Amino acid sequence: MLETTFSIVKPDATKRNLIGKIVSRFEEEGLCVRAMKMKQLSAQEAEGFYAEHRERPFFKDLVNFMTSGPVVLMALQGEGAVLRNREIMGATNPADAAEGTLRKLYAESIEANSVHGSDSAESAARELAYFFSGIELYNN
Ligand code: CMP
């Protein structure tokens with residue numbers, strides 16, 4: 001099924017000049033960029049985005065990390081894009097990520113793990129709407 005998912009190139013990756021390598025990988029794997037913007041998140045924006053993690057012990061650090069530099073926000077479209085994106089990223093913790101996945105290749109830690117991707121179609125819809133208006137999404 002043709003789906004659109006939401007992806008973030010996180011501050012650890014934008015700082016290390018890895019935007020192109022990460023976007024290329026998505027494209028090589030058959031996902032198409034349908035919206036894209038670079039943005040410095042405010043604490044309020046990061047807190048709202050990660051609201052489901054508010055009670056987790058790592059929440060404050062996560063917000064500090066996500067506001068430590070610019071991020072690249074993307075809509076990625078393709079067949080089964082939600083799962084496909086997660087496969088390309090690998091496990092949240094790079095220590096657990098499979099060979100060749102983006103997090104295995106690039107992540108510095110479980111927190112500074114280079115990329116975010118929606119975990120379900122429902123999350124994708126919420127996350128896309130959080131950062132993009134309808135007219136910013138192509139072919140949707
Ligand atoms: P992400 O997929 O963006 O979703 C939540 C983020 O919290 C996760 O990637 C990591 O960047 C960060 N994080 C930090 N510590 C943990 C942890 N112990 N478990 C899960 N996520 C963590």
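Start your tour at E111: select this residue together with the ligand, and you will find an oxygen atom of the ligand 2.8 Å from a polar backbone atom of E111. Now show the surface around the ligand. The protein covers 79% of the 450 Å² of accessible area that the ligand has on its own. Keep in mind as you go that this is a predicted model.

Next, select K10. Here an N or O atom of the side chain lies 2.7 Å from an oxygen atom of the ligand. Then move to R103, where the distance from an N or O atom in the side chain to a ligand oxygen atom is 3.3 Å.

Ready to widen the view? Select the residues around the ligand: K10, Y50, H53, F58, L62, T92, R103, I110, E111, N113 and H116. Try colouring this shell by class, and you will get four nonpolar, four polar and three charged residues.

Where does the ligand sit? Its place is in the largest pocket. Hide the ligand for a moment and look at the space itself: the largest pocket holds about 430 Å³. Its lining is made up of 20 residues, and those closest to the centre of the pocket are K10, Y50, H53, T92 and N113. To see which elements give two or more residues to this lining, select α5 (81-89), β4 (115-117) and α7 (121-131) in turn.

For a last stop, colour the lining of the largest pocket by class. You will see six nonpolar, five polar and nine charged residues there. Bring the ligand back into view to finish, sitting in this largest pocket, with E111 offering a polar backbone atom 2.8 Å from one of the ligand's oxygen atoms.

Technical notes. Residues numbered from 1 in each chain as written. Predicted model: local features only at pLDDT ≥ 70, side-chain atom pairs only at ≥ 80, totals over all residues. Heavy atoms only, no water. Near = heavy atom within 4 Å. Polar contact = N/O pair within 3.5 Å; in protein donor to acceptor, adjacent residues only side chain to side chain. Areas by Shrake-Rupley, 256 points an atom, 1.4 Å probe, with all protein chains shown as cover. 1 Å grid on protein atoms, 1.4 Å probe; cavity = no way out; pocket = protein on both sides within 12 Å on 5 of 7 lines; lining within 4 Å. Sits in = over half its atoms within 2 Å of the grid points. Nonpolar A, V, L, I, M, F, W, Y, C, P; charged D, E, K, R; others polar. Points joined across faces, edges and corners; volume = space filled by probe spheres on them. Helix = DSSP H or I, 4+ residues; strand = E, 2+ residues; numbered from the N terminus.
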